[in-house]
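This briefing goes through a single protein chain, topic by topic. Please keep the sequence and the model open while reading.

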Amino acid sequence: MLDYEMSFEEFINKNPNGIIIFNNDGIIVFVNQSAQIFFEQPESHFIGTPIFIKPQDDDLFEEIVVERKNKSKGFGQVLKFEGIWKGEKANILLIQDITRLKNIEECLERSNHKILETQSAIMEQDRLKVLLQLTSTTMHELSQPLMSLLGNVEYLRLKMDDPIGILKIIPRIEDAGQMIANIVKKIQTIKYEGSKPYSTEGTNFADIETPLSVLYLEKNDDDFKKIYDILKPYEKIFISRALNIQDAICHLENEHFDLVISCHVLSDGNSIDLLKILNEKKIRSPIIVITWQKDASLSSKIIQKGAFDYLQKERLNEKTLFLSINSALRKFHIQKESKEATEKLAEMSIKDEMTKLYNRRYMNEMLDKEFTRVKVTNLDMACMLVDIDYFKQINDQFGHSFADFVLKEFASTLKKTLRGSDYCFRYSGEEFMVLLPNNDLKGAKIVAEKIRKSFENKIFSDGNSKTNVTVSIGVVSFKAHKPSKPEEMLAYADKAVYKAKAEGRNRIKAYIEEEDIFLSAKKNEKYDLKYLKENLLAVLDKTRKSAMSSLDLLVKDMGDDTSKERYRKLCRYLDVIGQKFSLPSSIMDTIKRAASLHDCFRILISKSSFAKPGDELSLLKDQPYMLVELAELFDFFVNERTILLYHHENYDGTGYPEGLKEDQIPLGARIFSVASFVTKLMFENLDFSIQDIIEELTKNSGTLFDPNIVNLFISILKDEPKQIKD
């Protein structure tokens, strides 16, 4: 018997779990080595002393925490049971050291919180990124009217002694100003302002601003009551209960809930199964999962499957529940806002904001696609341009607000007259393009007549004003007119519209190759002023190109190869910036012409007799005015003169000649100054790297240069360095 007791005592003494034995009087009579190691105390500290651990229940593990000598914490699980020790009844405590397990769990817990925080930060970044893209998209649209406005304002300043000229310019300024006002109005509607059913500033449920409907999945009545009792006192919180996943899906498919709270273990699955089904059914609601287990790895898995937050049962109280609900709703709101902004951005990329028809950018894409298709398949297609007659009179008589109303109603009616397979685009202000796949010229004329009749007797009324409109329509088809490229097909339709207008409007004309306009005019044919204007603009453009060529010839022998290479590089940089800004080619051509004029005039000035040695500084300060004075010899270089005058202005207002700052400086001049600076760096410092250029640009951002243009150029340098170095 003694040998048996000694061997048993030796066995429990070497047990890896701590063992403490105390008698019925609560006095410790034995402690093994593992328990001494766990508590960091010798055997003498325990024997004969009252038991210091008093579990509440037999046969149930309870956690204990021990303060260690190195100021760390030890964690143990204690199990109490009754036994026999040396022939007498005794109480035995089994202590399992779970410190390492607990530390791992806490690391996972911190990792889970970090994941939740990162998710929230990523959502916020995505939302801001999309909103910035939206704003950037509309800001690009500002460039053309802004350049027009600034150019015409500059013209006014230079021609203050010409009243007749000023009267001609005022309508252009008004048009540009109205375009800018419309775009600003669009920018103001971009940011999604959804209602928030919670308060991010509050500290409890009393701060909830709008009604909050909650679906709570819980099979256990007592557990349901615990959360119900927390939320019940708040009038704006409405709680519904689901007993299982199937019940919850039924609720969510038929009702809207702002929040779903679910326990992990359900009668027909668990929270991970619920999240999977909701994702498959595309049911979007923020979900908080309550886990009854102390399992950080489970919590991590729940987060990864799409839960917005989780809570452990032992930590559940009013404060933690509020924080969890607030966090989940905030993240869901950010996610929803970002999604809606992304959808808005996608729509803006192909839709016209006012009419909701496809825009001109998407028109070009679809026309190219259909043109390629009919060339390959030998099928036919048609397109038509629909122009509202005398639309300017509607603007003048009723104002822009009613004119916008007419455009919207017109677009809606136009779309309803077409087949589902047809495409309708806003081509320009009051002009629309209709693309008719798989239709020939005869069929297109039938559709055009249907459109014409639908507007002939239609009354447009907004309650205050009313009017009717007619339309002129130009029709062209691929097989009938054999255009060589999509642009030519549009040009044919454009000429057909002009013909319809010239013959009295409210009619349809198919394209017939017309004689030269000046020859036709001799035959007393009536031509629309707009058509004549387009032809005169083409002549003017040829004159402008001819003037540039003449200047190039004049300075050809004065410049050197370095100057030519510098100009080539400068134009390349301008092209890259223009592509990034999505600026129209007409604007970039204006800036490049200004750059060419700058180089030509600079060479002429430097070679002239008044450019005396030692007077370079004075000459430099006067150079903008000299450039403008020379450019005034060419009346058609109005916008170019603005760039030449202000390209030495600094963003912080320290430049010359006028000391303009920030947005007072024309956009073209700001772009030109950055591109010119980079060109100069590349030619004066042959060993400069991309990083060197970035550092120089960053150093001068906000002082010499517009930070937005600098940031754009730096992104080009980082993403596409070959475009700069080649």
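Helices here are DSSP runs of H or I with at least four residues, numbered from the N terminus. On that basis, H481 belongs to helix α14, which covers residues 478-481. The model is predicted. The points below start with the chain as a whole and then turn to single sites.

**Whole chain**

- The chain contains 25 helices and 19 strands.
- Of its 726 residues, 44% are buried.
- Its exposed area comes to about 39,100 Å², with carbon and sulfur atoms supplying 52% of that area.
- When contacts between residues at least 6 apart in sequence are considered, 64% of them join residues at least 24 apart.

**H481 and its surroundings**

- H481 has a relative accessibility of 15% and therefore counts as buried, the cut-off for buried being under 20%.
- A polar atom of the H481 side chain lies 3.1 Å from the backbone nitrogen of S477.
- On the side of Y511, the backbone oxygen lies 2.7 Å from a polar atom of the H481 side chain.
- Neighbours within four places in sequence aside, H481 is in contact with L441, V475, V476, Y492 and Y511.
- Y511 thus appears both in this list of contacts and as the residue whose backbone oxygen lies 2.7 Å from a polar side-chain atom of H481.

**K375 and F478**

- K375 is part of helix α10, residues 360-377.
- With 53% relative accessibility, K375 counts as exposed, because the cut-off for exposed is over 50%.
- K375 and F478 are 103 residues apart along the chain, and their C-alpha atoms are separated by 8.9 Å.

**Packing of α11 and α12**

- Two packed helices are described by the angle between their axes and the distance between the axes.
- Helix α11 (residues 391-398) packs with helix α12 (residues 400-416) at an angle of about 140°, and the axes are 7 Å apart.
- This angle makes α11 oblique to α12, since angles count as roughly antiparallel over 145 degrees.
- From α11, the contact is made by F391, I394, N395 and F398, while α12 contributes H400, F402, A403, V406 and L407.
- By class, the residues of this contact are seven nonpolar, two polar and no charged.

**Backbone geometry**

- Most residues other than glycine have a negative phi, and most peptide bonds are trans.
- What is the phi of K282, which is not a glycine? It is positive, about 55°.
- K282 sits in the loop between α7 (271-280) and β11 (287-291), and at 61% relative accessibility K282 counts as exposed.
- R505, which is not a glycine either, has a positive phi of about 70°.
- The loop that holds R505 runs between α15 (486-502) and β19 (508-510).
- Is R505 buried or exposed? Its relative accessibility is 18%, so R505 counts as buried.
- The two positive-phi residues therefore fall into opposite classes, K282 being exposed and R505 buried.
- The peptide bond from Y656 to P657 is cis, with omega near 15°.
- P657 lies in the loop between α21 (638-646) and α22 (667-684).

Key: Residues numbered from 1 in each chain as written. Predicted model: local features only at pLDDT ≥ 70, side-chain atom pairs only at ≥ 80, totals over all residues. Heavy atoms only, no water. Helix = DSSP H or I, 4+ residues; strand = E, 2+ residues; numbered from the N terminus. Buried < 20%, exposed > 50% of the residue type's maximum accessible area, 1.4 Å probe, protein only. Polar contact = N/O pair within 3.5 Å; in protein donor to acceptor, adjacent residues only side chain to side chain. Contact = heavy atoms within 4.5 Å. Areas by Shrake-Rupley, 256 points an atom, 1.4 Å probe, with all protein chains shown as cover. Axes fitted to C-alpha atoms, helices over the stretch in contact; angles between N-to-C directions. Parallel < 35°, antiparallel > 145°, perpendicular 65-115°, else oblique. Nonpolar A, V, L, I, M, F, W, Y, C, P; charged D, E, K, R; others polar.
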